[in-house]
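This report looks at a sheet and a helix that packs on it. Please have the sequence and the 3D view ready.

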Amino acid sequence: MFAPPESAPRSDADAVRKRSPWLAPAVVFGLALAITAVLLLSVTRTIEQRDQAAFEAEATRTADAMRERVDTTITLLHGVSGLFAASRNEVSKAEFAAYIAQLGLRDRYPGILGIGYTMRLQPTEVPALEDRMRTRGGEPGFRVWPKDPRPEYHSILFLQPLGERNRAAIGYDMATNPVRKAAMERARDLGRPAASGKVTLVQEIDEHKQAGFVIYLPVYRGDRPPRDLAGRRQSLQGFVYAPLRVGDLLAGVRGSSIRQIDYELYDGEQIGPEALLLSTREPGAHPAEYRTMRRLDVAGRPWQLVMTSRPALESLSQRRLVPWLAVLSVAVSALLAWITLVQARARRAAEAAARQRELNELALRASEERALERAQRLEQLYEEQREGDRRKDEFLAVLAHELRNPLAPIRNSLEILNRAPEGELASRARAIAERQVKQMVRLIDDLLDVSRISRGKIVLQVRRMRLAEAVEAAVETSRPLMEEREHRLHTGYVEPDIELDADPTRVAQVLTNLLNNAANYTPPGGDVWLQVSTPDPGEVRISVRDNGIGIEPQRLNQVFELFMQVNRSPAGGGLGIGLSLAARLAEMHGGRIEAHSEGPGRGAEFVLVLPRAGHGPAIDPAASPGAATHAS
């Protein structure tokens, strides 16, 4: 259908007038801001990831530098241990001093106060050692201290380079300190370097003292260390060791240029003031942007390294550019919105100029569409009228044929009766005349019923009835037609307790029409089946099926139209009113008729569906189905 042409110009005009020129610029500005926010967020995340990566790289470099300095110290101790092994554990003070001097500890290895050797002594060996060190060891004031009695002693014999700090430690028994003793025992039992916990070194003779620790490497008697624990404890001769000041050892690990990180170094597994070895973080420093923690293994002793970023590292970040990028992006978004506004105003002016032309064109088009619509409507009405005339002419021709056919047998039967009023021939003539008269009466009754239903004049005589009685009546009525065409009628069992609230005469009429329809469209010698089923407790289904000429599936919805014969049977059919009448009577009883067929030559099935007694709606005996027809 065409839309009302006069409404289109008004709708377009209203849309043009109501459209705001600020809408598109607002959308462009909002979209630009959204894109800008996404891009700025992405840039910010990229900068943060890069800054985090730079901090992690600097933290890794610092941790690696700390490990390297500790590993270097351990390497030096292994070298001194090799000196004792090469000299069969008999090394003089001069040889020890010469070897350490070659290492250049003070110039090459800051933080290592020296490398020393401590000997394991039994209490009875202490006086002899003190005498030997005073007379032949070049240490006139040598003594083992402290003097408290104990099962064994571990006195420092050598410590080079022998400056003022290291001379203060000569003779000191480090096993008297629990922290040092634990590291010495671990080195002795494992046969490898062991670091002590946090201690204050004996060499700390100044007022400003640093936290320190000692790394021990055991020296065993014989050519090689024993493999078992008991052997290592038995053959221990002493230790080569290195006392280290943490501050001096780790000086410069952050590089000699701009210091980009601070760190706090803790001894052991716990982080606390008592375990703090060294902190480069200045008091009152601002909170750091980045923070990480690493665990260092220092000769079997765990250290906790907490590193934070310094302002020098944070100043290298490009995050300060983000606000400028945001301002620039907002400015670009505003410029795009302004350009869009200018374009919108120009387009609005162009639309206003073209609006009158569109209205003129729409008016012309609307008049043409109205004329075309009227022509199409007239053509449709003409086709409907022509189709109605065709169906009326066809109906009249069929009606004349159906009414004329019985007249010839009746006329012949009357002549026979006039010539021979008695006898077998006269009886046959009377039977033929009666049968043809009944056929004419049936045709006329169907026409009258259709007329009554169309005018709402038909009245149902509703009562409680048995379905079996209506089926039996319909079969008896249709049997002569079945026998005339040599059909085999197969009637299924009908339960006697199936009852309906209906008009028995009309129900039988519906079933008779369905059976006659099956007979009319089934070739001679065919089969017709009548079956009753109750798949639903509230309704009954009576099926009339044949193996006749069938119906095209797409035309099943036309079989119930008045005066409509979808397929003409070679044996002849009715007037095209039987199925329409049956469908309307079924609707008046609150039921329906369904039509099924798999196609031409495959038979057809019509199913009458009626509500059982007590399950259907209340039936108005004078009710009319109206003008509507049932379509399956």
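What covers the buried residues of helix 7? The model is predicted. In it, the cover of these buried residues includes strand 2, strand 3, strand 4, strand 5 and helix 8 (229-235). The buried residues themselves are Arg180, Ala183, Met184, Ala187, Arg188 and Asp189.

**The sheet**

The sheet is open and has five strands, in the order 2-1-5-4-3, with antiparallel pairing. Strand 2 and strand 3 are the edge strands, and each of them pairs on one side only. In general, the strands of a sheet pair through backbone hydrogen bonds, either parallel or antiparallel. Here, strand 3 pairs with strand 4 in the antiparallel sense over two bridges. Within this part of the sheet, Ala195 stands opposite Ile215 in strand 4.

Helix 7 packs on the sheet, where it touches the strands in this table:

| Strand | Residues |
|---|---|
| strand 2 | 153-160 |
| strand 3 | 194-195 |
| strand 4 | 212-220 |
| strand 5 | 236-245 |

The direction of helix 7 makes about 35 degrees with that of strand 4.

**The helix and its ends**

Helix 7 covers residues 178-190. With its 13 residues, helix 7 reaches 18 Å from its first C-alpha to its last, close to the 18 Å expected at 1.5 Å a residue.

Which residue caps the N-terminal end of helix 7? Asn177 does, with a side-chain oxygen that lies 3.1 Å from the backbone nitrogen of Val179. Just after the helix comes Gly191, which takes a positive phi of about 70 degrees.

Key. Residues are numbered from 1 along each chain as its sequence is written. This is a predicted model: local features need pLDDT of at least 70, side-chain atom pairs count only at pLDDT 80 or more; totals for chains, interfaces and linings use all residues. Side-chain values use heavy atoms; hydrogens and water are left out. Two strands pair if DSSP finds at least two bridges between them. Helices (H or I, at least four residues) and strands (E, at least two) are DSSP runs, numbered from the N terminus. Contact means heavy atoms within 4.5 Å. Axes are lines fitted to C-alpha atoms, for helices over the stretch in contact, and angles run from 0 to 180 degrees between N-to-C directions. The expected span of a helix is 1.5 Å times one less than its number of residues. Buried means under 20% relative accessible area, exposed over 50%, partly exposed in between (1.4 Å probe, protein chains only). A polar contact is a pair of N or O atoms within 3.5 Å; within protein, one must be able to donate a hydrogen and the other to accept it, and residues adjacent in sequence count only if both atoms are side-chain atoms.
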